[in-house]
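Student: Hi! I've got a structure open here and would like to talk it through with you. Could we start with the cores?

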Amino acid sequence: MSGPNPDRLDAVTDVLLREAGDLAEPVAVLDDVAGALTRVLMARGVEFRVWCDDLREEEAAVRACRDLSPTIASTPAEALADVRTVLWRLPKAVSAVEEYAELIAQHAAPDVRVFAAGRDKHLSRSMNQALASRFTNVRASLGYRKARALLADGPIPGQVTWPRSGHLDVLDLEVSAHGATFNTFRLDRGTALLASVFDRVPDADRAIDLGCGSGILASLLARQGRSVTAIDVTWSACDATRLTAEAHGLTIDVQRRDGLAHWAEPVDLIVTNPPFHIGTAKDTEPTRRLFEQVGAALADHGEFWCVYNAHLPYLAWLRDSIGPTQIVMRDRAYVLTRSAQTALPLAPVLWRSAD
């Protein structure tokens, strides 16, 4: 078997394949990026399955194989059933490491070997501890090209504790989340700021929560009697939103899709607390594309309400992509805006205490 070529592989893919060596089949690939691992394993003729939480990475894995079709699992548990090797790009959140460790230990073969890698700057001891809670042997590889792998074997099967839920007293809402769901089941300040003005948003029958996370905003809109569509590019967010809605007997149309591209029907109300990361990397370009998609999908009389970190350059983007945009509320960390394609009546900016 020829060794990995560092000129063609990114550092994380390279270190994973170097540490794994000869692969015991079947193999599970977790959260591949740009189809890198998928492409190598397909070329080697290895029996493997792919699971990507992010739809964009799932689609990249399919594209990487060109005319061939990799086996794309519909859930992480399905990808891990009876596998003997796991090649895994570590996520940003330790809670996601915990959940995957539980699932691997529960569903993989007893002799499974786990190779989980990331860039050195994104690794932490908490990740080792999360793996050690479900594997008898955990160690770190030597660093290579500013990346390294965590190696684990000896799975300890046990109860899978994710998804989990918590009650938000301030909203009287039971919220469910997977380990990879943004902020899990907690209420972040940006979402709280946007939720605090839901009595002021337009009385539209149909609404979209764009980037739904754990389903907090979608559920609050549905409580108001609206027909709500919740959209997110990750499976963990979509499944969490479904669970949150079910806990309250709410009907929400949940769609795993990459934003609003090719959205057919004009929308009267869209709300969002958009991300500015892809995985571990800060990247605001997807948000710029989201704003362009919102501008195309918003009805003539519709409104777009957005909350974001105050240091981000979104105000100009909103005005360029959608139209007149007004700052509705802000605190020291967040700005809440209201955008439309027609002129908005002026209203005073409200300040909210940092507390």
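Tutor: Happy to. This is a predicted model. By nonpolar core I mean a set of buried Ala, Val, Leu, Ile, Met, Phe, Trp, Tyr and Cys residues joined through side-chain atoms within 4.5 Å.

Student: Okay, so which residues in the largest nonpolar core touch the most other members?

Tutor: Those are L194, F198, I252, L269, V271, W305 and L336, out of 34 residues in that core. Helix 8, residues 216-223, supplies the largest share, with six residues.

Student: And what does L269 touch?

Tutor: Leaving out residues up to four places away in sequence, L269 is in contact with V201, P202, A204, R206, A207, I208, L221, R226, E303 and W305. There is also another core lying apart from the largest one; it has 27 residues, including A28, V86, A108 and V114.

Student: Let's switch to the sheet. What's the strand order?

Tutor: The order is 3-2-1-4-5-7-6, in an open sheet of seven strands with mixed pairing. At the edges are strand 3 (71-72) and strand 6 (135-140), each of which pairs on one side only.

Student: How do strands 1 and 2 pair, parallel or antiparallel?

Tutor: Strand 1 (residues 27-30) and strand 2 pair in the parallel sense, over four bridges. Along that pairing, V27 sits opposite F48, and V29 sits opposite V50.

Student: Which way do the strand 2 residues point?

Tutor: F48 and V50 point one way from strand 2 (residues 48-51), while R49 and W51 point the other way. In a regular strand, side chains alternate between the two faces of the sheet.

Student: Are those four buried or exposed?

Tutor: F48, R49, V50 and W51 are all buried.

Student: Now the helices. At what angle do helix 1 and helix 2 pack?

Tutor: About 40 degrees, with the axes of helix 1 (residues 11-20) and helix 2 (residues 36-44) 9 Å apart. That angle is why helix 1 counts as oblique to helix 2.

Student: Which residues make the contact?

Tutor: Helix 1 contributes T13, L16 and L17, and helix 2 contributes A36, L37, V40 and R44. Sorted by class, that contact has five nonpolar residues, one polar and one charged.

Student: One more: is T38 buried or exposed?

Tutor: T38, which lies in helix 2, is buried because its relative accessibility is 0%, and buried means under 20%.

Student: What does T38 touch?

Tutor: Not counting residues up to four places away in sequence, T38 touches D32, F48, V50, A61, C65 and P70. Of these, F48 and V50 are the pair that point one way from strand 2.

Note on methods. Residues numbered from 1 in each chain as written. Predicted model: local features only at pLDDT ≥ 70, side-chain atom pairs only at ≥ 80, totals over all residues. Heavy atoms only, no water. Axes fitted to C-alpha atoms, helices over the stretch in contact; angles between N-to-C directions. Parallel < 35°, antiparallel > 145°, perpendicular 65-115°, else oblique. Contact = heavy atoms within 4.5 Å. Nonpolar A, V, L, I, M, F, W, Y, C, P; charged D, E, K, R; others polar. Buried < 20%, exposed > 50% of the residue type's maximum accessible area, 1.4 Å probe, protein only. Pairing = 2+ DSSP bridges.
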